[in-house]
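Student: Hi! Could you walk me through this one? I'd like to get a feel for how it is put together.

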Amino acid sequence: MTPGRLLLLSFAVFSVGVFGVLARRHAIAVLLSLELMFNAANLAILSVAWARGLAQGTVLVLFGIAVTVAEVAVGLALFLLAERVRRTATLDDLSLLRG
């Protein structure tokens, strides 16, 4: 696969993630959409690094994956805590936790 096609695939996956963030109201679906967006960015970074023959792109992507895993773990923990307190999973109801 050429780097141009990989970037096109990355753009498509990122677009699906943006649509999921904007269209969904369930917290788990939004977290999964954010995960798609991060993976699309990692794919774009990796494809550009591969096209230029750089090994630093792989290290950067591995670091990005580690950050993404930590983000999902924290987000899921916050979601479970909010679910326990409010008994709901929609983001509109969880916005009441501010006050």
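Tutor: Happy to! Let's begin with helix 2: at 1.5 Å a residue, its 26 residues should span 38 Å, and the end C-alpha atoms are indeed 38 Å apart, so the two values agree. Do keep in mind that this is a predicted model.

Student: Okay, and how confident is the prediction?

Tutor: The protein chain has an average pLDDT of 88, and 92% of the residues score at least 70. Confidence is highest in helix 1, at a mean of 95, and lowest in helix 4, at 69. Where pLDDT is low, the predicted coordinates should not be read in detail.

Student: Got it. Back to helix 2: which residues are buried there?

Tutor: The buried ones in helix 2 are Ala27, Val30, Leu31, Ser33, Met37, Ala40, Asn42, Ala44, Ser47 and Ala49.

Student: Let me pick Ser33. How do we know whether Ser33 is buried or exposed?

Tutor: We look at its relative accessible area, which is 8% for Ser33. Buried means under 20%, so Ser33 counts as buried.

Student: And what does Ser33 touch?

Tutor: Leaving out residues up to four places away in sequence, Ser33 touches Gly17, Gly20 and Val21. Two residues to look for in helix 1 are Gly17 and Gly20, which are among its buried residues.

Student: So what else is buried in helix 1?

Tutor: The buried set in helix 1 is Leu6, Ser10, Gly17 and Gly20. They cover an arc of only 85 degrees around the axis, so they sit on the same side of helix 1.

Student: What does that side pack against?

Tutor: The buried residues of helix 1 pack against helix 2. Turned away from that buried side is a face with the exposed residues Arg5, Leu8, Phe11, Phe19 and Leu22.

Student: Does the length check work there too? I mean, what span should helix 1 have?

Tutor: Helix 1 runs over residues 3–23, and at 1.5 Å a residue its 21 residues should span 30 Å. The end C-alpha atoms of helix 1 are 30 Å apart, which agrees.

Student: Switching topic: how do helix 2 and helix 3 pack?

Tutor: Their axes are 9 Å apart, and the packing angle is about 175 degrees. Angles over 145 degrees count as roughly antiparallel, so helix 2 is roughly antiparallel to helix 3.

Student: Which residues meet there?

Tutor: Quite a list! On the helix 2 side it includes Leu31, Phe38, Asn42, Leu46 and Ala49, and on the helix 3 side it includes Gly57, Val61, Gly64, Thr68 and Phe79.

Student: Tell me about Leu46, then. What does Leu46 contact?

Tutor: Setting aside neighbours within four places in sequence, Leu46 is in contact with Gly57, Thr58 and Val61. Leu46 is partly exposed, with a relative accessible area of 33%. The C-alpha atoms of Leu46 and Leu7 are separated by 9.5 Å, although the two are 39 residues apart along the chain.

Student: And Ala49: buried or exposed?

Tutor: Ala49 is buried, since its relative accessible area is 8%. Ala49 touches Leu54 and Gly57, not counting residues up to four places away in sequence.

Student: What about Arg52, buried or exposed?

Tutor: Arg52, also found in helix 2, is exposed, with a relative accessible area of 65%. Its C-alpha atom is separated by 9.7 Å from that of Pro3, and these two are 49 residues apart along the chain.

Student: What follows helix 2?

Tutor: Gly53 does, and its phi is positive, near 75 degrees.

Student: Now helix 3. How many residues does it have, and what is buried in it?

Tutor: Helix 3 has 31 residues, which should span 45 Å at 1.5 Å a residue; the end C-alpha atoms are 44 Å apart, which agrees. Buried in helix 3 are Gly57, Val61, Gly64, Thr68, Gly75, Phe79 and Ala82.

Student: Last one: where is Arg87?

Tutor: Arg87 is in the loop between helix 3 and helix 4. Its phi is positive, near 60 degrees. Arg87 is exposed, with a relative accessible area of 68%. From Arg87 to Leu36, the C-alpha atoms are separated by 27 Å, with the two positions 51 residues apart along the chain counted as their distance apart.

Definitions and conventions
Residues numbered from 1 in each chain as written. Predicted model: local features only at pLDDT ≥ 70, side-chain atom pairs only at ≥ 80, totals over all residues. Heavy atoms only, no water. Buried < 20%, exposed > 50% of the residue type's maximum accessible area, 1.4 Å probe, protein only. Contact = heavy atoms within 4.5 Å. Helix = DSSP H or I, 4+ residues; strand = E, 2+ residues; numbered from the N terminus. Expected span 1.5 Å × (residues − 1). Arc of directions from axis to C-beta. pLDDT = per-residue confidence, 0-100. Axes fitted to C-alpha atoms, helices over the stretch in contact; angles between N-to-C directions. Parallel < 35°, antiparallel > 145°, perpendicular 65-115°, else oblique.
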